[in-house]
Amino acid sequence: MTWGLDVLENPWGLPITGLIIGCVLGFVARRNHFCTMSSLERHWYANDSNGIRSWVLAATTALIATQLMIAIKLMDVTDSFYLTQPLPIVGSILGGLMFGFGMALVGTCGFGALIRFGGGSLRAFIVLGAMAVSALAASRGVIGHIREAVIAPLSIDLNAVGGQSLGGLISHYSGLEISSAIAAVSAIVLLTWVFGSKSFRGDTGKITAGVTIGLCIAAGWLVTSHYSQVLFVPVQLEAGSFVAPLADTMMQIVTVTRVLPDYGVGLVVGVLAGAALAAWQADDVRWEACDDARELGRHLIGAFLMGTGGIFALGCTIGQGVSAISVMAISAPIVMISIILGARVGLGVIVEGSAFGFLTNSQQTPAE
């Protein structure tokens, strides 16, 4: 597929397009307070499910847009690492738990830290740096050797039974090509739940954020799929993740890699720029630092857990929670359940003084 425009055949078009899409992501997320961790907190402690519904809407929008483009053969994402690499079942669970616990210690994820840094949070800057270093260590450094020796051998190769997408697995065992039907049914179920709340239906900001972020993730698949076919260098098929790309961005900043920035690097820089623009327009730029050494230590530990866990699990709340869901990767629900459990345990330790105290506490029904 060639679109005939020089910019769409230039290697610099990949990071530039990521920059543009990232600006939209960052601006919308900052303007509408899109944050997975705060959404979970409000759901558990304030009986407010609107934030979670916005996140699920983003994942569902990405699923619909991505599957539609695949169905009309506008793009091909079968070579995405979510669908080609052996399923790191232990890494998905352990990494998800680590990421979620670290997210609770920090108060946000990598994407959220970029959004906060755009508004002047130096705490977020520290988190981003520590995440990038720990992600490098887990992917290419000493922790990477441990990961390869202990976690990688426990991965499961599902290629013989239809691959790592839910649609592929069910199609293989049913003998019918029903991936599109599974995506449609999944989308209907999710949208029914999302808009089942009267409170959410009246929250235009949360709806706008969910739809826009979902479309941006789908656009990422389209862009990287296109460049993978027209460039003479390997292009990683990706849509949006904020763990490994943070490490790649750091490498581009601190060393001469002699490799052009990829889409993920452009996306990271774009999210930061978009968030900064939104903060500036709202007169919401405030320099913030850690209150004391204890808070700094908590942020550093949380960032280490997120950077390491994100590499183990092959993604974060955006990478597995939106991008992987859009291609129906079987890893997505495993990782996200683990992240949510890890975050709940982490909040239990910080807020309630007991890792599993929430199991004995009365639970409220989410607001409708």
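# Exercises on salt bridges, a surface patch and cavities

Arg42 is partly exposed, at 44% relative accessible area. Here, buried means under 20%, exposed means over 50%, and partly exposed lies in between (1.4 Å probe, protein chains only). The model is predicted, so local features need pLDDT of at least 70 and side-chain atom pairs pLDDT 80 or more, while totals for chains, interfaces and linings use all residues. Residue numbers run from 1 along each chain as its sequence is written, and side-chain values use heavy atoms, without hydrogens or water.

**Exercise 1. Find the salt-bridge partner of Arg42, and give the N to O distance.**

Start with the criterion. A salt bridge needs a side-chain nitrogen of Lys or Arg within 4 Å of a carboxyl oxygen of Asp or Glu. Next, apply it to Arg42. Its side chain meets that of Asp48, at 3.0 Å from N to O. Then count over the model: the rule gives 6 salt bridges.

**Exercise 2. Locate both ends of the salt bridge between Arg30 and Asp284, and classify each end by exposure.**

First, the distance. The closest N and O atoms of Arg30 and Asp284 are 2.8 Å apart. Second, the location. Arg30 sits in helix H1, while Asp284 lies in the loop between helix H14 (263-281) and helix H15 (293-312). The two residues are 254 residues apart, so the pair links distant parts of the chain. Helices are DSSP runs of H or I with at least four residues, numbered from the N terminus. Third, the exposure. Arg30 has 16% relative accessibility, so it counts as buried. Asp284 reaches 33%, so it is partly exposed.

**Exercise 3. Do the same for Asp248 and Arg140, then name the residues joined into one network.**

Take the contact first. Asp248 and Arg140 form a salt bridge, with 2.7 Å between the closest N and O atoms. This pair also spans distant parts of the chain: Asp248 is in helix H13 (residues 244-254), Arg140 is in helix H7 (residues 122-140), and 108 residues separate them. Now the exposure. Asp248 is partly exposed at 23%. Arg140 is exposed at 52%. Finally, the network. Arg123, Glu288 and Glu295 are joined by salt bridges that share partners.

**Exercise 4. List the members of the nonpolar surface patch, and place Trp12.**

Apply the filter. Patch residues have over 30% relative accessible area and no salt bridge; nonpolar side chains (Val, Leu, Ile, Met, Phe, Trp, Tyr) are joined within 5 Å, like charges within 9 Å. The members are Trp12, Ile16, Ile20 and Leu260. Together they have about 390 Å² of accessible area, by the Shrake-Rupley method with a 1.4 Å probe and only the protein chains shown as cover. Trp12 lies in the segment before helix H1 (13-31). It is partly exposed, at 44%.

**Exercise 5. Count the cavities of 30 Å³ or more, and describe the lining of the largest cavity.**

Define the object. A cavity is a set of points on a 1 Å grid over the protein atoms alone where a 1.4 Å probe fits but cannot get out; lining residues have an atom within 4 Å of a point. Points join across faces, edges and corners, and volume is the space filled by probe spheres set on them. The count is 2. The largest cavity holds about 50 Å³. Its lining includes Asn32, His33, Trp55 and Lys206. Helix H2 (36-45), helix H3 (50-71) and helix H12 (204-230) each give two or more residues to this lining. H3 gives the most, with 3 residues.

Conventions:
1 Å grid on protein atoms, 1.4 Å probe; cavity = no way out; pocket = protein on both sides within 12 Å on 5 of 7 lines; lining within 4 Å.
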